[in-house]
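Here is a note for a colleague who is opening this structure for the first time. Please read it with the model on screen.

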Amino acid sequence: MLVKNPQFEVSAVSPKQYPQNGLPEIVLVGKSNVGKSSFVNTMINRKKLARTSSEPGKTRQINFYNIDDSFYFVDLPGYGYSKMSKKEQEQVGKFIEEYLFNREEIALIIFLVDIRHNPSENDRLMYNYIISSGLPCLILTNKADKIAITKVSDTVQNLQKQLNPIGDIPTLPFSAERKIYQDDVWELIEKYINQ
């Protein structure tokens with residue numbers, strides 16, 4: 001997909017702040033620092049549309065990126081970041097839950113995990129949460145450039161077996177550094193935004 005004019009549109013914490021134009025939304029979920037913002041930048045071929053940081057927990061709101069008026073990438077705050085106060089974590093948890101369970105425009109959830117690590121307890125909780133929402137999901141094993149290219153396929157299969165043993169959710173590698181996996185991801189996204 002050729003992206004011509006992506007725009008950051010809004011940071012929201014409540015439904016009245018969400019875009020109201022009915023475009024499909026591709027939602028990015030994952031722990032802090034797993035690479036959700038880098039994923040957005042890589043997919044749209046921009047360096048800095050989504051702000052990235054080496055410091056986890058930077059995204060504290062739901063960020064909507066308008067992609068050529070055809071759909072949104074929606075970047076949710078990461079989970080599992082301990083520097084947020086308990087109160088902040090609760091607030092963030094509440095508005096994420098409200099968004100995921102009530103937003104009709106969600107077309108696909110992309111669940112990012114780090115290819116180098118087995119799923120954490122938080123990853124498993126989030127996976128179960130996504131499954132309980134009943135929304136379509138894609139598991140993306142990010143940072144595939146950090147392991148030998150010969151090991152990528154087996155590692156992806158292993159992660160899928162751990163998270164999704166019945167194998168009914170597509171599980172793909174991804175790397176913001178090496179743009180070799182982009183086309184497969186675009187193919188799936190296009191399928192969901194054109195439904």
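**Notes on the predicted model**

1. Start at Thr 141, which lies in strand E6. This is a predicted model. Thr 141 is buried, because its relative accessible area of 0% falls under the 20% cut-off. Setting aside neighbours within four places in sequence, Thr 141 is in contact with Val 113, Ile 115, Val 156 and Leu 159. Its contacts also include Thr 171, Leu 172, Pro 173 and Phe 174.

2. Turn next to the largest nonpolar core, which has 34 residues. Which of them touch the most other members? They are Ile 26, Phe 39, Phe 73, Ile 110, Leu 140, Val 185 and Ile 189. At least two residues of this core come from each of the strands E2 (25–30), E3 (62–67), E4 (71–75), E5 (106–114) and E6 (137–142). The helices H1 (36–43), H4 (152–163) and H5 (182–193) also supply at least two residues each. H5 gives the largest share, six residues.

3. Val 185 is a good residue to click on. Leaving aside neighbours within four places in sequence, Val 185 is in contact with Phe 39, Met 43, Leu 138, Leu 140, Leu 172 and Phe 174. Apart from the largest core lies another core, of 27 residues. Among its members are Val 29, Tyr 72, Ile 109 and Val 113.

4. Helix H1 deserves its own look. Why is H1 described as largely enclosed by the rest of the structure? Seven of its eight residues are buried, so the description follows. The buried residues are Lys 36, Ser 37, Phe 39, Val 40, Asn 41, Thr 42 and Met 43. They pack against the strands E2, E3, E4, E5 and E6, and against helix H5. After H1 comes Asn 45, with a positive phi, near 60 degrees.

5. Now the rings. The structure holds eleven aromatic pairs. Phe 71 and Phe 73 form one of them, with ring centres 5.1 Å apart. Their planes stand at 85 degrees, so the pair is edge-to-face. Phe 71 counts as buried, at 0% relative accessibility. Phe 73 also counts as buried, at 0%. Ring pairs link Phe 39, Phe 71, Phe 73, Phe 174 and Trp 186 into a cluster.

6. A further edge-to-face pair joins Phe 101 and Tyr 129. The centres are 5.2 Å apart, with 70 degrees between the planes. This pair links distant parts of the chain, 28 residues apart. Phe 101 sits in helix H2 (residues 86–102), and Tyr 129 in helix H3 (residues 121–133). Are these two rings buried or partly exposed? Phe 101 counts as partly exposed, at 39% relative accessibility. Tyr 129 counts as partly exposed too, at 21%.

7. The helices that carry those rings pack together. Two packed helices are described by the angle between their axes and the distance between the axes. The axes of H2 and H3 come within 9 Å and cross at roughly 35 degrees. H2 passes H3 in a right-handed crossing. From H2, the contact is made by Glu 97, Leu 100 and Phe 101. From H3, Tyr 129, Ser 132 and Ser 133 take part.

8. Check Asp 114 in strand E5. Asp 114 counts as buried, at 5% relative accessibility. A polar contact of 2.8 Å joins its side chain to that of Arg 116. Beyond four places in sequence, Asp 114 is in contact with Val 34, Asn 142, Lys 143 and Leu 159. Asp 114 and Arg 103 are eleven residues apart along the chain, and 27 Å separates their C-alpha atoms.

9. Finish at Asn 21, in the loop between strand E1 (6–12) and E2. Asn 21 is partly exposed, with a relative accessible area of 43%. Which side chain does Asn 21 join through a polar contact of 2.8 Å? The partner is Tyr 72, one of the members of the 27-residue core. Asn 21 and Glu 105 are 84 residues apart along the chain, with their C-alpha atoms separated by 9.5 Å.

Terms used
Residues are numbered from 1 along each chain as its sequence is written. This is a predicted model: local features need pLDDT of at least 70, side-chain atom pairs count only at pLDDT 80 or more; totals for chains, interfaces and linings use all residues. Side-chain values use heavy atoms; hydrogens and water are left out. A nonpolar core is a set of buried Ala, Val, Leu, Ile, Met, Phe, Trp, Tyr and Cys residues joined through side-chain atoms within 4.5 Å. Buried means under 20% relative accessible area, exposed over 50%, partly exposed in between (1.4 Å probe, protein chains only). Helices (H or I, at least four residues) and strands (E, at least two) are DSSP runs, numbered from the N terminus. Contact means heavy atoms within 4.5 Å. Rings of Phe, Tyr and Trp (its six-membered ring) pair if their centres lie within 6.5 Å; planes under 30 degrees apart count as stacked, over 60 as edge-to-face and the rest as tilted. A polar contact is a pair of N or O atoms within 3.5 Å; within protein, one must be able to donate a hydrogen and the other to accept it, and residues adjacent in sequence count only if both atoms are side-chain atoms. Axes are lines fitted to C-alpha atoms, for helices over the stretch in contact, and angles run from 0 to 180 degrees between N-to-C directions. A crossing is left-handed if the near helix is turned anticlockwise from the far one by less than a right angle, and right-handed if clockwise.
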